[in-house]
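Biologist: I'd like a close look at a single part of this model, then whatever else connects to it or is worth a look elsewhere. Keep it relaxed, but spell out your cut-offs as you go.

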Amino acid sequence: MRAAGRFFWIVLIAGGCSSAPSTPSAVKSNGAPAATAHLAVSADWPSVPSHESPYLNVGPDAHYVGSAACTRCHVEATETYHHTAMSVSMLPVDMAAEPPDGTFEHPLSGRRYEVLRRDGALWHIESKLTKGEPIVLAEYPAKYVVGSGRHSRTYLVEAEGFLVESPITWYSERKQWAMSPGYDRAEHLGFERATGQGCLECHAGRTAPIGKSLHRMDVFESAIGCERCHGPGSLHVEKHRYADIVKAAQSAVGSDLTIVNPAALSRDLAEAICQQCHLRSNASIVARGHRLSDFRPGLPLTQFRHDFRLELPETPLTVVSHVEQMHLSRCYQGSDTMSCRTCHNPHAEKGVERSPLHFNAVCRTCHADRPCTAPLAHRGRTTPAENCIQCHMPRGDTEIPHLAFTHHRISRHALSEVKAKDPDKLPPGLGTLRPFADLTVWSQVDRERSLGLAYLELGNRSEVTEQADAYHRRAWALLIELHNAGFEDAVVNASLAQLAFKLDPARAEEFATAALANEQLSAQDRCNVLFLLGDGAVRGHLAVVALPYATELTTLRRHPFDWLMRAQAEKAVGLDPVPALETAVRINPRLVHIHQFLADHYEKTGDQESAARHRQLTMP
């Protein structure tokens, strides 16, 4: 029942005291790298940069009204938008539109999965394969479906009020149910993967966490809607509702400044709207002083988010790397106007707008005087003949099983260039993180803060131990330097707590306590430091100290290790740990040692039925 500290780093991967700080030149006895002393010592952070915009709805006076408020006037745009993938990015489950029921076995994990209609809901069921009848481990009705269905349909369920991903996905091209991306392995999550703001930021229209929770979510608009690209609509609605304020909302040339028109923006600002979701680099850091949800169309994305790419000899094709690929193409680099909207009309993707002939015509706006140099026989094998994108933007495998997406690096591709590359088989040398966009508007200390946080994120996501260790040491060197220079920041403190747990354990509690004192700490960071402090208290036999940390954690997220910590603390102070243990194994039925403990407990108390149920789940 021991809440082992080795669990801590597993819990952290999603996916950030008054001891005197050591001097920048100090060398850690445990091998942690020393910081370099080139930052001026100051307790004050530089001001956060801002961007002036003529649009009125980028500021705090505008609020969201929902896409339904737009449809009354913009009927045609609404109708065509309903044919786009974005309009169905996430929707409540519609029984009439769902694929047929099905069952499949997953031999790697010894599990069987079933999808069936029951009591007016679409149930997802996970069972353990045995020599006899399978034993049901978990079953939940699907609440939301994520994805347009062109490639796949992934499902979210609500478990004890928390939003989590189902391990079952429908793959449209194969017309079959199979394991969700990332689950096709012997040891995988069941109904445990938290689905919070970080996931829903791209898949949903508008959501918000409930309180300080990591994944108890309010979903105000499930699918991507009008305001994700045009900004909050309250001022625009009011303008057209009351004629007496029309003039106040117009510029000298008569433009409507109550709502952002992406077509009127500069290329960088227009692309920032698309980059909210279609730019996913190796590390993505929320800028100091902001939240992801603070971004407004019409403003630079770098004001709110700093993206970093890893420079390696080869870079694998990923499902959301369209922006990076396009920026590497000669077409983009040789043009002042080419952008996402050159090829994509976000209001209409039906019929001719998605046909090869349409894209051929787009290419010929620049290449009309440079005919195709490929052999006629080769061009004739494309569909239709002389299909530009089939050769220059081929579809290739991605790191997500069963799916293929269009390569956006417009070039002469060899087949090897568009095949997915196993991250574990990338060149063994370490890469270097570089900012994707120009961050010079931010101060040096802010850029080093973001870079340090980016290396931490990269290390947490690395499955190669040596690489993870090296990236964590780089993160420590950058962030401890900021701390030593007097730049106090809750996110930096929370990140140093994570890193100290591994590199300088004696200081982990110091940084965690400092981070927790800030009420504005993000849900993820708050959960991380609560777990660290609770785990430390349990290992120090301070159950009275650990219990409040564990109790708060169980209200903020749904994770079995939190409940194990709570059970151990409750037992130590004389409370009954069994309810907490039952919750832990309900979340993760694979905790065999806990099933064994519960089986023994119920046998001693005379509850043979419960004992038999848990004993069954200890069997191989």
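Modeller: Let's take α16, a helix of 14 residues that reaches 19 Å from its first C-alpha to its last. That is close to the 20 Å expected at 1.5 Å a residue, where the expected span is 1.5 Å times one less than the number of residues. Helices here are DSSP runs (H or I, at least four residues) and strands are E runs of at least two, all numbered from the N terminus. Bear in mind that this is a predicted model, where local features need pLDDT of at least 70, side-chain atom pairs count only at pLDDT 80 or more, and totals for chains, interfaces and linings use all residues. Residues are numbered from 1 along each chain as its sequence is written, and side-chain values use heavy atoms, with hydrogens and water left out.

Back to α16, which is mostly covered, with twelve of its 14 residues buried. Buried means under 20% relative accessible area, exposed means over 50%, and partly exposed is in between (1.4 Å probe, protein chains only). The buried residues of α16 include A490, A494, A497, F501 and L503, and N493, S495 and Q498 are on that list too. At the start of the helix, D489 points a side-chain oxygen to within 3.2 Å of the backbone nitrogen of V491. That fits the polar contact rule: N or O atoms within 3.5 Å, one able to donate a hydrogen and the other to accept it within protein, with residues adjacent in sequence counting only if both atoms are side-chain atoms.

Where does the biggest share of the largest nonpolar core come from? From α16, which supplies nine residues. That core has 68 residues in total, and W476 and V529 have the most contacts inside it. By nonpolar core I mean buried Ala, Val, Leu, Ile, Met, Phe, Trp, Tyr and Cys residues joined through side-chain atoms within 4.5 Å. In soluble globular proteins, nonpolar side chains tend to be buried together. V529 touches A494 and A497, along with A512, A515, L516 and L521, leaving out residues up to four places away in sequence; contact here is heavy atoms within 4.5 Å.

Just ahead of α16, F487 sits in the loop between α15 (465-484) and α16 (490-503). The structure holds eight aromatic pairs, and F487 is in one of them: its ring centre lies 5.1 Å from that of W45, with the planes at 55 degrees, so the pair is tilted. Rings of Phe, Tyr and Trp (its six-membered ring) pair if their centres lie within 6.5 Å; planes under 30 degrees apart are stacked, over 60 edge-to-face, and the rest tilted. W45 lies in the loop between α1 (8-12) and α2 (68-71), so the pair ties together parts that are 442 residues apart in sequence. Both partners are covered: W45 counts as buried at 17%, and F487 has a relative accessible area of 5%.

Y155 and W177 make another tilted pair, 5.7 Å centre to centre with 45 degrees between the planes. Y155 is in strand β6 and W177 in strand β8 (residues 176-179), 22 residues apart. Both are buried, and with W170 they form one aromatic cluster.

Rings also meet charges in this model. The charged end of R118 sits over the ring of W123, 4.3 Å from its centre, and R267 does likewise over Y332 at 4.1 Å. The test is NZ of Lys or CZ of Arg within 6 Å of the ring centre and within 35 degrees of the ring normal.

Another arginine to check is R558, in the loop between α19 (543-556) and α20 (560-572). R558 is buried at 4% relative accessible area, and a polar atom of its side chain lies 2.5 Å from the backbone oxygen of F191. I'd look twice at that distance. Beyond its neighbours within four places in sequence, R558 is in contact with several residues, among them Y140, E160, H215 and R586. E160 has a positive phi of about 50 degrees although it is not a glycine; E160 sits in the loop between β6 (152-159) and β7 (162-171) and is partly exposed at 36%. H541 also has a positive phi, about 60 degrees, without being a glycine. H541 lies in the loop between α18 (523-539) and α19 and, at 73% relative accessibility, counts as exposed.
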